[in-house]
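Hello,

Here is the structure for you to look through. My notes on what turned up follow below it.

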Amino acid sequence: MRLDADNIGLIVAAVGGLALLFGLPLVVELFTLLQFTVYIVMAILALSLALIWGFGGILCFGQAVFFGLGAYAYTIAVFNIGESTVPVLLSIVVPAAFAAALGYFMFYGRLSDVYMGVVTLVVTLIFFSFMNHTAGEEYRIGASRLGGFNGIPAIPPINMPGDPGRVLWPEEMYYVAMGSLTAIYIGLRLLLRSHFGRVIVAIRENETRAELLGYDVRLHKLLIFSIGGAIAGLAGCLFANWNAFVDPTVFGLGQTAQIIIWVIVGGLGTLIGPVIGAMLLQYITTWLGTVEVANSSLVMGAILVVFVLLVPRGLVPTLQLLWQKLRGGRSDPGIVATPREAVESGDD
Amino acid sequence: MDLVAVLALEVLFAIASLALISAGLAVIFGMMRVVNLAHGEFLMLGGYAAIIATNSGINIWISMLIVAPLVVAAIGVIVERLLIRFLYGRMVDTMLATWGLSLFFIGLVTTIFGNTTRGISSPLGGATVGDYKIGLYKLFIIGVTVVLLAAVYLVLRRTKLGLIARGTMQNANMASALGISPDKVYAITFAIGAGLSGLAGALLAPLTGIVPTIGIAYIAKSFITVIGGGAAILTGTISASTLFGTINQLVTFQSSPVFGEVALLVAAVILLRLLPQGITGRFFRRSM
């Protein structure tokens with residue numbers, strides 16, 4: 001393994017992730033650790049959109065659908081099976097399969113960017129309004145009622161594989177979440193370095209060119225979309241565990257909007273940016289909830305507008321550019337490219 | 001027989017309300033290509049304007065038909081000048097910025113008026129058809145929608161303003177060279193679109209009641225109507241509303257309103273798979 005910038009980045013990420021994984025429980029109290037766990041879950045969710053939008057160039061307003069499907073798949077399966085290994089797998093497989101089905105409609109129908117945004121938005125709303133109306137006794141899957149707008153309470157937490165009696169403690173949930181985040185982050189970095197990852201970025205940059213070079217654009221987009229769906233589903237599963245409760249708001253527009261705001265604020269086209277964006281904005285949302293000075297959707301909306309107009313690259317790439325200017329070095333073309341512009345020039 | 005008449009009325013009403021909530025978007029998105037995800041909030045603001053005006057003593061018809069469109073058109077001008085004009089031609093950024101705007105409006109209205117349902121009782125009362133009772137107000141909405149669509153058609157087709165607007169949307173540089181200020185035309189067109197949305201929101205407010213988040217109920221339906229309609233905004237909106245409205249109402253009649261909505265949205269997704277350019281991308285191509 002050569003020691004180039006990319007590999008150094010990977011090593012830093014691995015060491016940093018492991019340091020947080022084992023270090024944080026030593027220095028903070030359990031309550032803070034629990035708060036941190038949900039930030040980490042949201043960071044995983046942000047990564048899923050960072051992948052398909054920032055690198056795949058697919059603007060998806062339906063990421064909350066995969067998140068919600070993951071949460072509900074885990075919940076329903078764990079009530080039916082009573083042991084959590086299969087439900088965790090289902091919470092990844094079900095959203096991935098749904099993403100593949102939805103992706104088939106969109107990519108094989110060759111919908112343009114804007115239409116894709118609207119279709120994913122519509123799908124989100126279908127799930128939201130459907131799940132809200134399943135409160136009746138007749139809506140049940142096996143032993144689990146769907147609960148409608150009341151949600152499903154008292155979700156059994158993850159247990160050690162094969163041993164339903166030994167459930168994970170909240171502190172152990174932190175290890176699971178942080179471990180997943182680190183693994184997914186490193187996995188995605190490696191994926192993007194692979195041949196497949198490079199083709200994905202090539203498609204983002206210029207779909208026609210990639211197609212003329214002989215790559216099946218539709219299939220590649222379908223695959224990356226499904227991977228994104230799987231990651232979002234895992235985040236949903238972890239969220240259901242952390243919260244011990246799910247209700248249809250996981251499918252809501254607010255949830256979907258949040259994910260997009262994290263990615264925009266953190267920086268589209270990076271992986272670390274959305275992670276930071278998710279944690280930062282979750283912190284702000286929690287804080288706004290405690291001090292009650294302003295409505296959180298008002299603040300989030302304003303943040304989104306300001307970033308689109310004034311900081312379109314997002315925090316991390318902007319800081320990188322500033323840092324390079326300060327050092328006076330040559331700029332690295334890798335971070336100067338803004339995917340959103342590339343996507344649009346290919347669109348119209 | 002009475003049942004058929006009532007059902008037909010309900011189907012007509014479903015079609016009309018779809019066309020009504022989509023008319024403003026047809027101008028802003030269909031003509032100007034501005035993906036306005038705050039469209040639902042324009043409807044919501046129209047509803048609030050009408051209800052507050054009525055409750056403060058203004059005649060209900062004046063507040064619905066005049067106050068609400070004017071208020072929302074004014075908001076439209078402000079939004080266009082402060083936000084949208086920086087984003088013409090940047091579709092994805094427009095989507096994101098207007099989504100931010102939508103959240104902002106929801107937050108703002110929640111802060112000011114609180115998160116409770118407000119309403120006014122719908123005027124005109126009811127009439128009986130055989131064994132069934134129908135609301136006359138629904139007939140009124142059907143009538144208004146027809147008049148409104150006719151007016152939009154006439155303005156676009158027969159007036160100088162309509163000609164200038166259509167020309168500017170087609171080629172802003174050419175319009176500018178001919179001595180027309182595209183900035184002004186964009187602002188006016190956006191305001192008209194916003195005003196139409198305000199009117200729609202106000203007209204539907206007595207039937208639905210109004211909460212800060214009501215826009216969410218409208219946004220997807222109006223977008224798929226306009227997109228499903230395709231490039232010819234008027235014919236497209238009318239044909240897509242007819243298709244989706246009929247599906248919605250028939251499924252609602254067979255099962256429940258929720259399944260009606262779901263059927264509508266599913267039908268729209270399938271339609272886009274079959275006709276990515278919308279209905280008027282394949283049929284009625286030369287209409288407007």
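**Ala175 of chain B**

Ala175(B) is buried, at 8% relative accessibility. Keep in mind that this is a predicted model. The residue belongs to helix H7 of chain B, which covers residues 172–177. Beyond its neighbours within four places in sequence, Ala175(B) is in contact with Thr168(B) and Ile180(B). I also have a distance for Ala175(B) and Leu37(B). Their C-alpha atoms are separated by 28 Å. Along the chain, these two are 138 residues apart.

**Cysteines**

How many disulfides does a search of the whole structure find? The count is 0, over all chains. Two cysteines of chain A can be checked one by one. Cys60(A) takes part in no disulfide. For Cys60(A), the nearest cysteine sulfur belongs to Cys237(A), 20 Å away. A disulfide needs the two sulfur atoms within 2.5 Å, so the 20 Å between Cys60(A) and Cys237(A) rules out that pair. Cys237(A) is likewise in no disulfide, and its nearest cysteine sulfur is that of Cys60(A).

Are these cysteines buried or exposed? Cys60(A) is buried, with a relative accessible area of 1%. Cys237(A) is buried too, at 0% relative accessibility. The cut-off for buried is under 20%.

**A nonpolar patch**

Next, the surface. Five names to mark on your view: Tyr104(A), Phe105(A), Val266(B), Ile270(B) and Leu274(B). Together they make a nonpolar surface patch of about 440 Å². Residues of chain A and chain B both contribute.

Which elements give two or more residues to the patch? They are helix H4 of chain A (85–108) and helix H11 of chain B (257–274). H11(B) supplies the largest share, with 3 residues.

Tyr104(A) sits in helix H4 of chain A. Is Tyr104(A) buried or partly exposed? Its relative accessibility is 42%, so Tyr104(A) counts as partly exposed.

**Thr285 of chain A**

One more residue to look at. Thr285(A) is part of helix H11 of chain A, residues 272–291. What does the side chain of Thr285(A) reach? It reaches the backbone oxygen of Leu281(A), at 2.6 Å. Outside its neighbours within four places in sequence, Thr285(A) is in contact with three residues: Gln258(A), Ser296(A) and Met300(A).

Best wishes

Methods
Residues are numbered from 1 along each chain as its sequence is written. Chains are lettered from A and ligands numbered from 1 in the order in which they are written. This is a predicted model: local features need pLDDT of at least 70, side-chain atom pairs count only at pLDDT 80 or more; totals for chains, interfaces and linings use all residues. Side-chain values use heavy atoms; hydrogens and water are left out. Buried means under 20% relative accessible area, exposed over 50%, partly exposed in between (1.4 Å probe, protein chains only). Patches are made of residues with over 30% relative accessible area and no salt bridge: like charges are joined within 9 Å, nonpolar side chains (Val, Leu, Ile, Met, Phe, Trp, Tyr) within 5 Å. Accessible areas come from the Shrake-Rupley method with a 1.4 Å probe; for residues, only the protein chains shown count as cover. A salt bridge is a side-chain nitrogen of Lys or Arg within 4 Å of a carboxyl oxygen of Asp or Glu. Helices (H or I, at least four residues) and strands (E, at least two) are DSSP runs, numbered from the N terminus. A polar contact is a pair of N or O atoms within 3.5 Å; within protein, one must be able to donate a hydrogen and the other to accept it, and residues adjacent in sequence count only if both atoms are side-chain atoms. Contact means heavy atoms within 4.5 Å.
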